[in-house]
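Welcome, and please have your viewer ready with a cartoon view and the side chains within reach. We will go from stop to stop, selecting a few residues each time.

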Amino acid sequence: MQRIPEEKIDEIRSQVDIVDVVGNYVQLKKQGRNYTGLCPFHGEKTPSFSVSPEKQIFHCFGCGKGGNVFSFLMQIDGLSFVESVKKVADLAHIPLDVAISQGDSSPGNKPDSQESKMIEIHQLASKLYHYLLMETEEGQDALQYLLDRGMSEQELDHFEIGFAPAHASTVTTFLKKREVDLALAVESGLLTERDDGEIVDRFRNRIMFPIKNDRGQLVGFSGRLFNQEDGPKYLNSPETPIFNKRNILYHFSDARQEIRKKEEILLLEGYMDVISSVSATFSNGVASMGTSLTEEHVQMIRRVTNRAIICYDGDRAGIEASFKAGTMLAEQHRLEVFVLQLPNGKDPDDFIRSEGAEKFAEIYTHQRLTWTAFKLQFFKRNRNLQNETDKIAYLGEALAEIGKLDQAVERELYLKQLGSEFDLSMEALKQQLQQTVVVKPKPHDYGGPPPESYGEYPSYEGDGGPVYEQFSFAQPSGVPSAGLTSEKRLLKYMLEDRDAFIQIRNLLEEHQTDFYHDNYKALYTHLIGFYASGNDANPLALMDQLKDDMARNLVSELEMMTVNTDVSIEEYQDYVQSLTKSSIERDIKEKEQALLTATQQGDMPAALELARTITTMRATMKNTPN
């Protein structure tokens with residue numbers, strides 16, 4: 001296995017900005033010198049994830065994860081070190097002729113997992129399905145069906161759409177010839193086992209849509225019937241170690257960059273809707289896997305944008321689904337939500353194929369409904385507004401919604417619309433609005449990001465509108481001891497300056513003291529080996545050599561610290577003496593506990609000896625400079 005030279009790794013790392021890479025996975029906002037966002041490695045309500053363009057590192061103050069651009073990709077995409085370097089090299093357009101194999105001994109490499117093998121099996125099947133659709137007589141009926149629906153061969157290639165024949169063992173035989181573990185293929189959901197033990201294809205006589213997870217890995221399929229045979233219209237892969245509908249949005253990994261560019265996501269119902277929206281140049285479209293929007297979906301969305309455009313089918317079920325999804329996004333998670341309602345109840349695929357991309361773009365851009373406007377329309381459904389009882393009930397619902405709005409201009413706009421529609425005066429509507437009590441929970445109860453920026457949260461008080469409160473990063477609880485602070489500062493200086501490392505190491509040996517906390521002691525040991533190998537100070541390169549995640553996280557935490565850069569050896573000595581004093585304090589506490597035990601047991605000689613020792617240690621500590 002060929003190793004990547006350190007110089008090449010440094011070159012690749014230097015050619016890519018970590019903010020750009022992380023920004024493909026996390027919605028980042030500029031805050032001071034760094035960028036902040038919601039951590040992709042743990043669920044959180046207040047952003048505690050920070051990326052430093054100056055240091056080229058990331059660190060989460062909530063869960064503690066941190067590292068450089070390589071370790072970020074290793075953790076979020078499940079890559080080995082070499083795979084992450086190759087991915088960054090591709091982003092930087094740097095040629096890297098290095099093969100990836102099981103024998104990779106680079107830092108961070110992991111043996112091939114069962115999950116990765118399942119993904120490889122799906123990739124093999126996807127190529128077979130696509131070939132059967134595009135190149136065989138058996139797939140001609142399915143191909144013609146798709147062409148008749150207005151799809152082009154370019155779209156079929158781009159989305160890797162395929163065809164599963166009606167035979168029971170097409171894929172099974174194909175995989176068997178390639179010596180694939182069929183039991184693993186069954187576990188992956190691609191094949192199924194009959195009661196008699198025979199293994200057969202799960203998908204038959206269906207048009208096949210490959211499904212990727214948020215990391216772009218092929219993890220499942222959805223098969224669509226295209227003729228009059230019995231069975232569900234769509235058949236999805238079952239729940240497996242790599243496939244869970246709650247965590248997957250169709251086209252999300254491919255749409256992420258366009259979502260960030262447009263600063264909004266287009267939520268659609270079906271695969272064909274997504275494909276048509278992409279053909280209409282709206283590549284920010286995604287669809288859930290035949291299920292309602294889930295909390296996991298919302299978390300994925302929140303990490304890349306704060307604005308969602310809902311464009312579901314125009315029938316009754318689609319309108320109700322829009323209301324349900326919008327309520328979750330806007331009212332539970334405080335995203336900005338708009339709704340597109342296409343004419344004549346058409347779904348996006350039918351509308352784009354029949355009316356064209358330009359007409360869809362016109363509605364998308366200029367005819368989107370605000371969430372409040374959509375709700376006011378939604379509340380009219382199933383009401384007879386010629387009936388006074390229904391009319392009064394509707395006006396009560398409408399005023400309750402208008403009363404929730406933060407902006408006076410918005411409230412005025414919708415009140416005028418109501419007044420015009422029902423021939424009511426503004427005075428009467430405003431008087432009724434004042435009598436409508438709306439309790440507004442604070443946004444942090446929802447766990448959503450603040451509107452417009454991560455810099456402040458609105459706090460509601462009565463009907464006076466939002467009052468903004470500043471927030472800060474979530475920091476570890478508790479006040480660090482003087483010894484802990486000294487350990488952090490010493491390691492920080494040693495990380496960033498080889499001469500400082502030499503000076504501090506000499507002081508530690510001179511005072512016969514050491515780091516107390518295990519993680520810090522381990523990092524100190526790593527630093528000794530790093531500098532002994534002839535390296536200059538380079539925290540990013542050190543991270544690449546650390547196989548321990550805890551050590552890598554500690555480096556990122558220390559790198560995020562702000563310390564005085566103009567530091568003298570006297571300051572180093574003060575910190576080392578603080579370590580010595582902390583060590584003596586710990587020893588005294590141990591001796592005091594031993595003294596208490598000896599006294600309780602009546603062992604007076606031992607108690608007297610311990611008392612003398614404690615007195616001597618206290619005197620030593622008193623003479624130790626602060």
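Two strands count as paired here if DSSP finds at least two bridges between them. Helices (H or I, at least four residues) and strands (E, at least two) are DSSP runs, numbered from the N terminus. This is a predicted model, in which local features need pLDDT of at least 70, side-chain atom pairs count only at pLDDT 80 or more, and totals for chains, interfaces and linings use all residues. Residues are numbered from 1 along each chain as its sequence is written, and side-chain values use heavy atoms, with hydrogens and water left out.

**Stop 1: a four-stranded sheet**

Start with the open sheet of 4 strands, whose order is 6-9-10-11 with antiparallel pairing. Strand 6 (162-164) and strand 11 (234-236) stand at the edges with a single partner strand each, so one side of each has no neighbour in the sheet. From one strand to the next, the twist averages 35°. Axes are lines fitted to C-alpha atoms, for helices over the stretch in contact, and angles run from 0 to 180 degrees between N-to-C directions.

Now select strand 10 (residues 218-224), which pairs with strand 11 in the antiparallel sense over 3 bridges. Pick Gly223 and look for its bridge partner in strand 11, Leu235.

Next, bring in the helices that lie on these strands; contact means heavy atoms within 4.5 Å. Helix 5 (residues 114-135) lies across strand 6, strand 9 (206-212) and strand 10, and runs at about 35° to strand 10. Helix 11 (residues 271-279) lies across strand 9, strand 10 and strand 11, at about 70° to strand 9.

**Stop 2: a helix pair**

Keep helix 11 selected and add helix 14 (residues 348-355): the two pack at an angle of about 35°, and their axes are 8 Å apart. Their crossing is left-handed, a term used if the near helix is turned anticlockwise from the far one by less than a right angle (right-handed if clockwise). To see the contact, show Met272, Asp273, Ile275, Ser276, Ser277 and Ser279 of helix 11 with Pro348, Asp349, Ile352 and Arg353 of helix 14. Colour them by type and you get 4 nonpolar, 3 polar and 3 charged residues. Here Ala, Val, Leu, Ile, Met, Phe, Trp, Tyr, Cys and Pro count as nonpolar, Asp, Glu, Lys and Arg as charged, and the others, Gly among them, as polar.

**Stop 3: two positive phi angles**

Step to Asn344, in the loop between strand 16 (336-339) and helix 14. Its phi is near 60°, a positive value in a residue other than glycine. Is Asn344 buried or exposed? With 75% relative accessibility, Asn344 counts as exposed; buried means under 20% relative accessible area, exposed over 50%, and partly exposed in between (1.4 Å probe, protein chains only).

Then jump to Gln512, in the loop between helix 22 (498-510) and helix 23 (518-532). Gln512 also belongs on a phi plot: its value is near 50°, positive in a residue other than glycine. Its relative accessible area is 75%, so Gln512 is exposed.

**Stop 4: buried positions**

Select Leu579 in helix 26 (residues 569-600). Its relative accessibility is 4%, so Leu579 counts as buried. Leaving aside neighbours within four places in sequence, its contacts are Gly483, Ser486, Glu487, Leu490, Leu508, Thr513, Asp514 and Phe515. Put a distance on Phe515: the C-alpha atoms of Leu579 and Phe515 are 7.2 Å apart, across 64 residues of sequence.

Helix 12 (residues 295-302) is also worth a look, with His297, Val298, Met300, Ile301 and Arg302 buried. These buried residues pack against strand 12 (249-250), helix 10 (252-262), strand 13 (265-268), strand 14 (285-288) and helix 13 (316-332).

**Stop 5: a five-stranded sheet**

Finish at the open sheet of 5 strands, ordered 1-2-3-4-5 with antiparallel pairing. Strand 1 (29-31) and strand 5 (66-67) are the edge strands, each pairing on one side only. Inspect strand 3 (residues 49-52) and strand 4 (residues 57-60), which run antiparallel and are joined by 4 bridges. Ser52 stands opposite Ile57 in strand 4. Helix 25 (residues 549-560) packs on this sheet, touching strand 2 (34-37), strand 3, strand 4 and strand 5, with its direction at about 100° to that of strand 4.
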